[in-house]
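Subject: Structure for your files

Hello,

Here is the structure I said I would pass on. Please look it over before reading my notes underneath.

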Amino acid sequence: MKKTTICLIFLLIMALGGASAATAQSGYTPVYVNGVRINVFPVIRDGVVFLPPYTLAQSLGASIKYDYALNILKINDIMVSATPYTPPDGQVLVPAEALCQTIGGSLEWDGQTRAIRITTPRPGTALAQPLSPPPAVAQAPAMPALNPISPAITEPPGPLTSSSAKSAPNPYLAQEAPYQPQAATYQPSGSNPNPYQAQTSSSFPSPPSGTSSLTYYPKGIISMTGPATTNTPSYQPAAPSYSPPDAGSQAPAGIPQTSSPQDTMNYNPTMPQTSFPSGSIYQQPSYTSKSPTSAPPQIPSSVQQIPQATIYNPPGAAPLTPSNTPAFSTDIFRPVTANNAVFSVTVTNIETMNTIKDYYKPRPGYKFITLYLSQQNVSNEVQIYTGRFSMLDQSNTSYDYAEQLSNFWLIILKPGGINFGYLVFEVPQDARPARLLLHALNQAPLSLNL
Amino acid sequence: MHFKPKFFTLLSRMLALAFIFVLLGSRQIPAQDSQVYVTFWHAMDGQKGKVLRELVERFNMTHPGIIVDEKCVGKSERSFADAYNILFSSILENLAMKNPPDIAQVYENWTTQLIECGALVPMENFIRGQQGFNQNQLNDIFPVFLEANTYGKKIWTLPFNKSIYVLYYNKDAFWRANAAPPKTWTELRQLARKLTVSQGDYVQQYGLAFDPSVDTFGHWLYAYEGNFLTKSNEVGFNNTLGYKDIQYWVDLVNTDHSALPLPSGEALKEFQNQHAAMYIETTSKLSSMEKCNFNWGMAPLPKGSVKAYGFAGTNLAIFANSSPEKRQAAWTFVKWLLDTENTTEWAIQTGYLPVRKSAVESFQYKAYLRKNPEFTAAIDSLQHAICQPRISTWQTIRGIINDALFEAISKKKTPKKALDDAAKVIISQRYVK
């Protein structure tokens, strides 16, 4: 029965024109977790429902990790034998049913409402949110431009209205002040005005021209920590209070099939709460300090320090170093992939550091940015010269990588062959990685938005 | 008015003459049709580049039919640029455009890849050819070098700028401590402790300065008959021997506090400043020792259960894209550059090892050894030299092991975990078979 219905969904999705997470229009199959609608776009493939990992993790209150290198998918650190699916747009999607079952939940097809219903064993603890965004567009932080890589994650609250938005006090106004000094530490602006402040939340980063081949969604390593297993325990007490009061009472059918631009993203209001403390990838200060993620007001100030420490690796903290392991330690990976006919390049992680190997220091006023990447020959021919990488910052200044500090060496790539490693760039303090370019022969540079 | 036309005639004649001189003076490359023009790409900069340039000029003077155009491709203004990486990148880029150089310096792991894509002509073809080596000339090359250049029973490349790891030591410091160069790795550890001089918290002199790199890891591993990869090219370093190895270096730094782990260039400075009494590096750093205003010595690296020392440096390859004439001309140059006389001069002036036994026996080199008796340590080490893995991905594996050593020494991971993680990454990326 379930198989048949899932096949039906498959047909439905096919009829919609191969809807995928990035391109789905309104009219997609709704997904409910414990009766609460979550704003995701399921992809159904061979009868398996695939969902974006971060949203799923958040709504299940679980941690989902996927190690791209070892091809291991874990939920709450339990290995799941099912494999994720990467649609052409590059966003890794995880098999929802296998994950739910692993933690004792279930996934059902509700024929009446034509919806997917997920039940978790502890409905009370699941932090599934209705489509009620955090309030007030005006105060919503303007982070998207920061990080065009992952709109799905960094998406600010959209201009959706809901009862919770009206009833809840705006938590962000209160948060901004205490966070500011920290932001200043990491964002030596001076001549360089903080671009995030000027940004409005409704303007989404538009893909730079000429980068149509790239995807904004992760491919490869993904990981999302939900509140139940968040590694910053201090956040846990705050979580319940973050749930809008009417969370459980949302009538699924009553949710309008919104199609605002925000809606096409996988926005989930609860998500950022834990994604930021653990997101050690992108070190832009305002990203944290001004995002809706910044927890409700009642979180004591000591807690606010925690994400800072994990994210920024400030001087004095244990310096991050290029690590060999595909970064098991960090909880969030939002890899980006770009392809052309010859190469597929995936950046799996970005780190900012002030020293490398406790010894190498950048020039005064500079910092190091390390990009972990892999490059695959996706053509049918041997690629003798696999090109040269350079990085552009937000003002399109180009940087070559420091070969002696990096570990990425040219090799001749046979068809399917993969080269991997990390590139270290020495950039001015105020530079932010914007794009990685691969200059290979006889083709336009392959560009990845970071 | 008489002199005016005369003057112009004179002037025009002089101009014409000057013009002819200019034409004669500037040697056009390529010049005449009869001359074969050969490109030679390398990464030799500075003093070594100068020595090489002089050798090439001498070749061009003595071989009228051939013009070798040497070019240091590895030069870069960028900070942290890697000369050899730029060289390989240039080779590959131009190879992909079917315009590679005729001759180039290549590392063993590059050769593996270049052979696979048919980019090289085996040296064997020339060695066995009419203008080749006779058996004596071939056997004259140190066997370990020939072995490292042999792929599938064929000699594909020939050794050029080779160096071997040795122990540099401060003779004055040793004299003060009444010590002799260590014979074994156990001795070295004891000696490093003995040589460490501190005043309160300040360490005036460390026993040893070393680069915590894959090569350092290799010294100990080789000495105890281990290797990075097994014979079937599987990861061979995350075993008991490897754990002991990495523990040795971690103990030197973190238990004994007798060694300074620093990037090689910085470790050299500490040695030069007498802030470290021993320093492990290849013989290519020999010329830097001129800056030492104390008595320094060179000893073979300590041994473990056996004597075994890693060697480094590149080889010469001839590319297949070139025309037969160019290939033959390239061979003429390679043969000339590696003959006894020139490899001797190259070795004396750069600190690289002569690649021929006859060079070591030569009058010039013997004189050089009399002047630099320390260098006999390097020549002695050569009998026990070991080539690092030649698989195409070796360079990345090197970086991964470098990072593992750093993680262990800086206590970010336990030595065992650091090695295991490194092995895991290498295996998971299928970087070995």
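The notes below cover confidence, chain A and the contact between the chains.

This is a predicted model, in which local features need pLDDT of at least 70 and side-chain atom pairs count only at pLDDT 80 or more, while totals for chains, interfaces and linings use all residues. Residues are numbered from 1 along each chain as its sequence is written, and chains are lettered from A and ligands numbered from 1 in the order in which they are written.

Confidence: chain A has a mean pLDDT (the predictor's confidence in each residue, from 0 to 100) of 60, and 44% of its residues reach 70 or more. Among the elements of chain A (DSSP runs numbered from the N terminus: helices, H or I, at least four residues; strands, E, at least two), strand β15 (residues 388-393) has the highest mean pLDDT, 94, and helix α10 (residues 285-289) the lowest, 31. Over residues 123-331 of chain A the pLDDT stays under 50.

Chain A: there are eleven helices and 19 strands. Of the 450 residues, 54% count as buried (20 or more other C-beta atoms within 10 Å of the residue's own, with C-beta atoms placed from the backbone).

Interface: 29 residues of chain A are in contact (C-beta atoms, placed from the backbone, within 7 Å) with 33 residues of chain B. On the chain A side, strand β17 (residues 418-428) of chain A supplies the largest share, four residues.

Regards

Technical notes: Two residues are in contact if their C-beta atoms, placed from the backbone, lie within 7 Å. A residue is buried if 20 or more other C-beta atoms lie within 10 Å of its own, exposed if 12 or fewer, and partly exposed in between; C-beta atoms are placed from the backbone.
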